Amino acid sequence: MAETRQWQLASRPVGEPTEENFELVTVDRPEPDHGEVLLKTLYQSVDPYMRGRMRDAESYAEPWDVGDPMQASVVGEVLESNAAEFSEGDIVTGDLLWAEHIVADADKLQGVNPDHGPISTAIGVLGMPGVTGYWGLNDVCDPKPGDTVVVSAAAGAVGSVVGQLARLSGARVVGTAGSEAKIEWLTEELGFDAAINYKETDDLSAAVDEACPDGVDVYFDNVGGPITDAVWPRLNVDARVAVCGQISLYNETEVPTGPRKLAKLIETRATVEGLLVSDYQPRWGEALERLSQFIQNDEIRYRENVVEGFENAPDAFLGLFEGENIGKQLVKVAEHDG
């Protein structure tokens with residue numbers, strides 16, 4: 001029987017994950033039953049939310065069990081099909097396994113339209129991160145012309161989409177990021193009005209003041225922690241805050257209490273709303289259609305940080321917490337034969 005490889009959760013991390021928390025194992029390659037397809041993984045996503053699935057605790061995403069394969073959004077090529085929906089050679093995407101070959105139910109897969117962009121974008125700007133940014137900004141934050149919009153982790157897969165969409169809405173856009181290369185990308189290529197390198201800034205509060213002289217109308221929060229603490233006092237009346245991620249806290253063994261900030265909401269009557277992209281599943285196609293149009297018209301640009309080789313998937317994941325990526329971090333597992 002043919003074999004394949006998959007990554008399993010070897011142990012639960014304490015604090016920041018390490019390579020010891022992952023185990024690469026060889027298993028028998030699965031065979032598809034009725035209604036299933038066998039896929040060869042071409043690209044695999046790594047995302048910050050996966051850190052929560054490594055914990056033994058309840059969250060919006062079910063935790064992985066130690067010894068089980070890890071899961072990710074993937075783009076794959078159909079090698080065998082026992083389902084009417086797909087044929088050999090089709091390119092599909094779905095939330096599957098960290099594995100070189102995967103058997104999946106056809107009804108849990110979506111076809112990838114190569115006319116929308118390179119197939120890798122189906123797990124990036126034209127996948128979960130892009131849809132998160134689209135609905136998170138437009139539905140939760142509802143930016144208006146002349147608003148000041150602040151985006152944390154602005155050079156990431158979600159934040160870069162949010163900032164560009166905000167700019168297209170007529171808002172003034174300020175991003176935070178952790179390197180001069182990211183700052184340059186945001187301001188020189190993506191059209192952000194200002195950007196703050198939080199790693200090189202001695203006083204975040206003063207930096208936010210300078211970048212946002214008229215206060216903050218929309219805050220799209222991917223980070224939490226000190227950046228959010230600096231933005232919070234600058235919220236304007238009727239400000240809207242979308243809480244999408246808290247990567248600065250994901251590896252904390254005890255979440256710091258921090259300053260008491262809720263009183264600001266009384267003063268400003270601001271709204272704070274958590275954001276889960278899965279709630280927008282019925283409207284997924286609408287977002288993809290609009291995003292693909294923006295990309296084709298060169299109104300939205302994107303980057304992909306591609307890590308070559310399935311064996312390097314844990315390194316790609318760990319790199320998220322070092323801030324290595326500009327744009328979408330993903331793993332190229334195999335070549336597309338088509």
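This passage describes the nonpolar cores, two helix packings and two backbone conformations of a predicted model.

In this predicted model, local features require a pLDDT of at least 70 and side-chain atom pairs count only at pLDDT 80 or more, whereas totals for chains, interfaces and linings use all residues. Residues are numbered from 1 along each chain as its sequence is written, and side-chain values use heavy atoms, with hydrogens and water left out.

The largest nonpolar core (a set of buried Ala, Val, Leu, Ile, Met, Phe, Trp, Tyr and Cys residues joined through side-chain atoms within 4.5 Å; buried means under 20% relative accessible area, exposed over 50% and partly exposed in between, with a 1.4 Å probe and protein chains only) holds 39 residues, of which Leu186 and Phe220 touch the most other members. Two or more residues of this core come from each of helix 2 (128-141), strand 8 (148-151), helix 3 (157-168), strand 9 (172-177), helix 4 (180-189), strand 11 (216-221) and helix 8 (284-296), where helices (H or I, at least four residues) and strands (E, at least two) are DSSP runs numbered from the N terminus. A second, separate core of 21 residues includes Met50, Trp98, Leu320 and Val333. Beyond its neighbours within four places in sequence, Leu186 is in contact (heavy atoms within 4.5 Å) with Ala154, Ala155, Ala177, Gly191, Phe192 and Ala195.

Helix 2 packs on helix 3 at an angle of about 40 degrees, with the axes 8 Å apart; axes are lines fitted to C-alpha atoms, for helices over the stretch in contact, and angles run from 0 to 180 degrees between N-to-C directions. Helix 2 and helix 3 are therefore oblique to each other (under 35 degrees counts as roughly parallel, over 145 as roughly antiparallel, 65 to 115 as roughly perpendicular and the rest as oblique). In this contact, residues of helix 2 including Tyr134 and Leu137 meet residues of helix 3 including Val161 and Leu165. Helix 2 and helix 8, by contrast, pack at about 95 degrees with their axes 9 Å apart, and these two helices are therefore roughly perpendicular to each other. On the helix 2 side the participants are Met128, Gly130, Val131, Tyr134 and Trp135, while helix 8 contributes, among others, Trp284, Leu288 and Phe294.

Most residues other than glycine have a negative phi. Aspartate 238, in strand 12 (residues 235-243), has a positive phi near 65 degrees, and its relative accessibility of 47% makes it partly exposed. Aspartate 298, in the loop between helix 8 and strand 14 (304-308), has a positive phi near 60 degrees and, at 47% relative accessibility, also counts as partly exposed.
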